[in-house]
Each structure stands twice: as C-alpha cells, then as structure tokens.
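Here is a short note to read alongside the structure. The points follow one another, so please take them in order.

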Amino acid sequence: MGPSEPVAKPATAMPPLHGVRVADFTLHAAGPFCAHILGLLGAECIKVETVERPDIFRKPHPVYGRMGAATFDQVASNKLSVQLNLKQPRGIELAKRLVAVSDIVAESFRPGVMERLGLNYEALKAVKRDIVMVSVSASGQTGPERGYAGYAPLFGAAGGLGTLTGYEDGPPTEIRHVMDHSTGLTAAMATLAAYLRKKRTGAGQHVDVAARDVACGFIGDALLQFAATGIAPRRTGNDAPQIAPHNVYPCAGEDSWVSIVVSTDTEWRAFANALERPALLTDPRFASAHTRWVHRRELDTEISAWTHAHTREAVTRILQAAGVAAFPSYTAQDIVDDPHLNARGTIESRVGPEGEARKVVGPPWRLSRTPAKLDGWTPKLGEHNHYVFGQLLGLSDEEIEELIAARVIY
Amino acid sequence: MRDETNAPLAGFTVVEHAAGVAASYAGRMMAVMGATVIKVEPPGEGSALRRAEPLLTQQPAASALFHYLNAGKRFVTCDLESAQGRGLLSEIMARAELFIDDTPVSRRPALQLDAPAIDARHPQLVFLSVLPFGAAGPHADYTAYELNVFHAGGEGYLMPNGLTLETFPERPPVKIYGHFAELIGGTSAVCAGISALLVRDQVGGQFVDVSVQDANISVGCFAIQRLGDGVLENRHGRSFKYGGVLECSDGYVGVLTLEQRQWEGLVKLVGDPEWALDPALRDPLERSRRGAEINRRLRAWAKTQRVDDLVKQGQALSVPLAKYNGPLDILESEQSKARGVFAPLELSALGSVPAFTAPFQLNGEALALTRAAVEPGADNQAIWCEWLGHNTAELAQWEHHGTI
C-alpha cells in the first residue's frame, strides 16, 4: 500500500458498535465527547436533555464570545435527542426503562447527583444486570474533592498539566477544550474496554473517570521524575531538553508559523544542507546535540531569519524532502482545506437538513472492515422523542402526549 | 488492580513494535487494563526512548518517559532486518490478538510489516497502525515529532490564551507540556484497537489506521465547529473575557464562572466589593464587555490571597476554582491518595517509586502497575522459550547471531 493510496480492503461489516445502545445523560463537553466517540464507532446514542437543562451548544456562551446557540454541534452530531425531566418521579422511571434497553450509560453530573436521583450504578444494575456505566467528573466519584466544580482549564490546573505549560519566564497556562475532550476520549477508551469485558464475561462495570487525573496522565513522566529524583520539572515554553532546534518559527505572512524539530545528528546535517547553510555544520556552537541545545536561542535567531523569508508550506516542503520534521501551525481553515485530511475522511463535507453546507470532523480512525462513520446532523431538542419513548419503550402516542403535558417529557 | 477480574483486557495478548510515544502509550494503556503486552525492540540498546528526557538517572541513562510509557509490559528483542527475526516476530503474532506498529509506511514492506503481508499470514490479527499522519494520504510518510503533530492538529496555533498571552503577546505559540498530542494519539488508538477486538469473532482481524494528527483534530473539533459558524479562531480571540489564571501571594489559581450563580459566588468570595456590586455587572454580556476591567480588579485582589484559602472558600461557594498544582501537590494530595492513582513501581536503581497508573477507576478500584520496564530482551527466555517452546540452545544461537 503506497502512502497516497486509500486503504483498499473492502468493508464487510457494520461499524464495531453497531447494535449497541448508549443512554447519554452527559452535558457540557467532556461527557458528550465520550458518547460522541461511541457514536462514531456505531453506537446508537440517545442524548437526554430538558428544556430547562439543555446542552451548552443550545445556549449562548458569552464568556466565550458566542451570543446565541451554535448552529451545529460536532459532538452531538451522531446522536438522537430526547427530553426527559429527571426532577419528576415519572421521569426517573422512564430513565430506568431507557437504561433497561441500553448497553451503556454515560453521565457527567456532579458526583452524588445520580445517587440522589436514584440512578447510581447499583440502582441501574438492578434494572439492567450487565450495564456498563461511565461517570465523568472533575475529580472522580470518591475522595475529599469529589464535589469540586470545574471546567477544562481547572482540570488542567489541578492535574498539573497547565502548571507545566507556558513560557519559562511566565505564568502557568490554561488548557482549553482539548482538556475536556481528552477526558471524554479517555472515558471512551475505558468504556470500550469495559464493554469488551462485558461481552466476554457477561459482567457490567462502573467506569469512574476524573478529569484532573486525565491531566495528571499527560504529565506522568514528570510525576515519575519528581517522585524518583526530587527534581521538579518546570515550564519550558517550546523547549524540549537536549533537542534543538525545537521551536515554532515565524514565516512569511501574518501570524504564520512553522514547527521544526531536529533531534539527531543525521537530521541536523540534513537540515543544514536543506537550508544551504554548510557553515552551520562547521560552527562549533552547533557541533553536537548538546551544544546546539546550549546555543538554542542563537540557533533560533538564525532559523527565524530563514523561515521569515519563506511560506510555511515552502519550509515544510523543503525540510520534509530532506527528512526533517517540519509542519505548519495549522489554523482551522488550513485543516478543512488540507487535501490529506479530506482524502482520509478526517474532514468531511456535509449538508444539513435545511441545505446548509459545512465542513465537519469525521472519525479519526480508518478500520478496514468495520469503518466508523459520522452519519447524522445535530438533532433538535426532543427530535427523537417518539422513536425512543414510542418504538423503544412501547408507550402509545396518547401516553406520550400526556407525559408531554405533565412536563415529564419536557 | 487488586481484583484481577476487574481488569477488562485480561486474557488478551498484544505485540507492540513501537519506536514512538503514541504507539508506546497505546500499548501501555492496554497493559494497565490487563492485556499481556509484549514489546519488541531491536537487539542491543533497544528503543531510543530509553534514553529520552526527562531522565531518572544520567549514567546509565534511564528515562522517566520510557518508564512511564512502558510499565506493565514484557520486553523481548528481535532484529526485524533478518529473516530469522521476522520469523520470530511472526511466531508471537500468531499467538496474539492485536499488533501495534509505528514503522514508517515506506519501510513496512521490507520488514514484512505492511498490511497485506500481515493479513496474509495472520488473518485473525488486528493490525493497529499508529503514525503521525496515518498510513494513507499525501502526508503519510512525513516525519513528525510531538511539536509538529501538536501544530498539525490545530491546537498549537491556538495556544496560549489568557494571562500568558497578555504577558507575551508577540511570542510564538506555546506548546502544551510534554507529549500531549502523542498521548492523545495513543488514547485514540486504544479506542480503535478495542473496537476491532469487539468484532474480531465476526469479521476476523483488520487493518486499523490511526493518525495522531486525526486524533488531535478530533479533540480540537470546536475550532472546526466555530469555523462553520463563521469564526476563524486565533489565540487572542479565544481568551475568556474574564477569569482565568490569577497570581496569589503563594502560587496560582484558575477561576472560571460560566453560570450566574458562580459569578455571584465569586463576588462573595472577593468580599462584596463596591465595583463588583455594580448592578450592570449582573448581566453576563456586560461582564464580557468589561472583562478587562474585571480582571484588573480580580488580579489585584488575588495577590493578597493564599491559594489554599481561595480554593477551599471558593469551592464552598460553588465557584469553580483550582490551584495550579505542581508534582509535589499532586503526589501528596489527599484526593490522589483517596483515588489510589499512584502505585509503587520497583525501579532497579531507585527502589520503589510511586508512579501514576490511570485516570479512571473500575468498579471502585484503582488500576495497578504489574511491573516496571526492564532491560531490552529481559523476557527473551520467558517468551521465546517458556511461552513459544524454543530451547535455550536456539536462544544462545540467536543471541550469537544478533537476532535477539
């Protein structure tokens, strides 16, 4: 298989989670991303919301600068939407009936809320013996900080990742949505493992994911270094110890950057030759990996002068042809325009129910026989009430109307 | 894990041939979740990551990164440049359910590690390919390290925001510490690999093409969503209008109030000062407009406060606040202890050291690290002889020829 050819093996089956149902009680970003991953893998995700407690994408987000609802929500795009009011006893009963016909339950309430609602793991196990439940929270379901409120930057702070991120002479740095979504991705990983175990043993499992611990996981090497040596790692900007050049360099054009890393002596020689600067190879300051690192700021100055005269694309082309790691600092526009990503299906063109076209992020993997897929659009609130309450749970239209009037389906 | 039956991947065998961080992390997480993971390294010094910073010891170089990424695995050596070495690898593949590999695409055919060759010999094996840009597409053979894939995924361009950006608005974007993008790639790979295991009985093995760039675009999808709404994000536009990193007298906290009641809690925490009681600031849109002014006030106030007091008092008022914890804070935190996220790892030169296990519990139990990484080939005898049935004379011969 050549690098430019698509994987040729034909798909012979449905997505891996075809036939798996997820009752998705998650809101905000981390929990919904977990269910989104399961949805991309083919699970039928039923997103539970109410008029009073809709997901964040349905509301304005002024702190973030969004003054209205989002027109599309990536992480709800493979899901069905139902309305269910958990403040009413009959809402709880219906939630249990939904769980009884599901394989996986996902929730991201503050720890203790599911218990208060009578929907904790023990209660749901009584409804569905082999249920796999995933709980996503700031600090986990146990421990003295279990009740702490948090958002992505605070998970990054408590878990140390934000503390170690930033310029050497500056403050710690906020880790943004990627902190939420990496928490969701981690939750999906553990949930898939638990579901695989359930398929083999028949036993369900409760997966309890702590977002601050997900942040700790990203600094596991630093934590080990400190525990073993007492040396606390510090913020180092774009530096990597003993590797230079290792930075982001300005290119022609406004706010235009390229990342360059030269790790080995072979790469260093290739780099100097690609720049047509043989003098770099005889300069004693740059004679070894260690001296290059010692003189990295001088090296950065020389490289910046070169990159500034080129586009990001030209720098990348020249250096990659020489076997040197370089890549543009991609904007969202660069990502949706990238032929590689469009060829892989990482970026897909989609048309919504009202004819609106947009680029969306497709599944991040290519499984040759059981491909993942993105096949929906952001559901309207309660769009699938009749399918779920009627077809799946067996309620009549009259019963559904009565529950709507009573604000149980709300 | 104390209760072995909780380990979800117990009973699975994974062969890992990984030079990079992403693929090694995928193997690591499978090992922590109970799989038997056999890491195949080149004979001699083994993986280059064994000598990668940060280091635990200089002489001999022992890497904290390598130990973190490889706890819980078995270690064999095998020279894939030789036919005999390739044959040995094929023998353990025949006993495994999943194979992790990050050999560059163009080098795979020579090592018989291309998808058709593996499928022909091991049709039931899941082939989990983990590469910076994936195994197909125009960039499949591009070289990349962490910094490059972080920027290829879109988050690199958008960092930093808030106080760091205000302090250094002209500097190049800053990376997230360590190997964030590659660990995202490894986590994404485990999701795809387990998915393929789920359907292995029905469809057999398959080729699973994981790209670290794709994984990072996926977790950074809000930027693409915003673009679809007509907003091309940049570092400056993405900053929260108020809140963020606050410097206290003895460290830093982060604060973020997205809901009205959280803002009201923050006003109480600050001590109901006159500026914050301005009725106009009850409106979230007005707060956004006057974010710079609010931050000036909050930052001046925070400098007189102690971190631990703020976090305790703030959380009691339901204000989302967190300390920017360092490694010592995390290791000693009551929360970490209660969750059991550190387990002792026996490192030969350093004794027992607490190491991070996993960010989740299963059925109320923390996961365990069964063993520390050992020297390249330390498990050759156990795997090649005791498990596969070769004899020690063969082993000696392979060692003599440099095959293992």
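**Notes on chain B and its partner**

1. In chain B, residues 24 or more positions apart account for 71% of the contacts with a separation of 6 or more. Keep in mind that the model is predicted.

2. Chain B has 404 residues, and 59% of them are buried. Its secondary structure consists of 19 helices and 14 strands. The C-alpha trace of chain B spans about 85 × 50 × 45 Å along its principal axes.

3. Where do the two chains meet? In the contact between them, 133 residues of chain A touch 131 residues of chain B. Helix α6 of chain A (residues 177-201) supplies the largest share of chain A's side, 15 residues. Sorted by class, that side holds 73 nonpolar, 43 polar and 17 charged residues.

4. One sheet takes strands from both chains. This open sheet has 7 strands in the order β12(A)-β8(B)-β7(B)-β6(B)-β1(B)-β2(B)-β5(B), and its pairing is mixed. At the edges are β12 of chain A and β5 (74-77) of chain B, each of which pairs on one side only. From one strand to the next, the twist averages 20 degrees.

5. Strands of a sheet pair through backbone hydrogen bonds, in parallel or antiparallel fashion. Strand β12 of chain A (residues 365-367) pairs with β8 of chain B (residues 207-211) in the antiparallel sense over 3 bridges, and A:Arg366 stands opposite B:Asp209. Within chain B, β1 (residues 13-17) and β2 (residues 36-41) pair in the parallel sense over 4 bridges, with B:Val14 opposite B:Val37.

6. Helix α7 of chain B (residues 180-198) packs on this sheet, touching β12 of chain A and β6, β7 and β8 of chain B. The direction of helix α7 makes about 165 degrees with that of β7(B).

Conventions: Residues are numbered from 1 along each chain as its sequence is written. Chains are lettered from A and ligands numbered from 1 in the order in which they are written. This is a predicted model: local features need pLDDT of at least 70, side-chain atom pairs count only at pLDDT 80 or more; totals for chains, interfaces and linings use all residues. Two residues are in contact if their C-beta atoms, placed from the backbone, lie within 7 Å. Helices (H or I, at least four residues) and strands (E, at least two) are DSSP runs, numbered from the N terminus. Ala, Val, Leu, Ile, Met, Phe, Trp, Tyr, Cys and Pro count as nonpolar, Asp, Glu, Lys and Arg as charged, and the others, Gly among them, as polar. Two strands pair if DSSP finds at least two bridges between them. A residue is buried if 20 or more other C-beta atoms lie within 10 Å of its own, exposed if 12 or fewer, and partly exposed in between; C-beta atoms are placed from the backbone. Axes are lines fitted to C-alpha atoms, for helices over the stretch in contact, and angles run from 0 to 180 degrees between N-to-C directions.
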